[in-house]
Amino acid sequence: MKIWNKIPIKDNGDKLIAIPSCLKFLDPHPYSQLGAPYKDKTSIWKLREEVVNRLVKVNDDLISKSSFNLLIYDSWRPLEVQEFMFKRAFLLECEKSDIKASFENIKSYPSILKKVEKFWAYPSYDSWCPPPHSTGGALDVCLSAKDGNLVKMGGTVDQMDETSNPDFYANMKNEKAIIWNSRRNLLKETMTKFGFVQHPNEWWHFSYGDQLWAWKNKKANAIYGKI
């Protein structure tokens, strides 16, 4: 459990809607390609309505002041998908350490569990501490060129190492690091301009309305719970 999971939730009833085609997103969906159990694979890209409204403004602002578009990597995750991806990350980390483990004895490997939970929210079915993506208020984003191709950000989405820290390249002076840091800053500045907050461990993860958002903004409660 993260510190922000202590924030109460009073869901405001904002609807989960399809992300409009004016926004770019990865196609096919990366987790669907891995076999994640989406019930309706034709309608994966969804977020809360207010989140979508703000994202449209983010994209318009990016286009007006840079050569980039916003590219949505992942959006709402049903709990079954969160569980699938969390288990996958845990088992992959076990493989790296040459450990034969099953998800059933996950607590026997606290160091691996701690590393996974730094990047993947535990798939909790407790309505008081839902995974951020399962609220419809959290999403993973990056930048794309006008042709839709991803631009390099100094690391890939879901990369589970220190380079994923938003400020990892901030004090490096080589040419690539300066470019990557400026792109990360552009993404963060534009997203936060329209009310989003950034995850402390992931340059790509932003949210609006969930418990992390409420905690960072010193709100009395989150406005989005599990949906």
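The following exercises treat the nonpolar core and the salt bridges of a predicted model.

Residues are numbered from 1 along each chain as its sequence is written. In this predicted model, local features need pLDDT of at least 70, side-chain atom pairs count only at pLDDT 80 or more, and totals for chains, interfaces and linings use all residues, while side-chain values use heavy atoms, without hydrogens and water.

**Exercise 1.** Determine which element gives the most to the largest nonpolar core.

*Solution.* A nonpolar core is a set of buried Ala, Val, Leu, Ile, Met, Phe, Trp, Tyr and Cys residues joined through side-chain atoms within 4.5 Å; buried means under 20% relative accessible area, exposed over 50%, partly exposed in between (1.4 Å probe, protein chains only). The largest such core has 59 residues, and M191 is among those with the most contacts inside it. Elements that give two or more residues include α2 (49–65), α3 (79–96) and α5 (175–193); helices (H or I, at least four residues) and strands (E, at least two) are DSSP runs, numbered from the N terminus. The most comes from α3, with six residues.

**Exercise 2.** Describe the salt bridge between D61 and K65.

*Solution.* A salt bridge is a side-chain nitrogen of Lys or Arg within 4 Å of a carboxyl oxygen of Asp or Glu. For D61 and K65, the closest N and O atoms are 3.1 Å apart. Both residues lie in helix α2, four residues apart, so about one helical turn separates them. D61 is buried at 13% relative accessible area, whereas K65 is partly exposed at 44%. A network of salt bridges links D61, K65 and K193.
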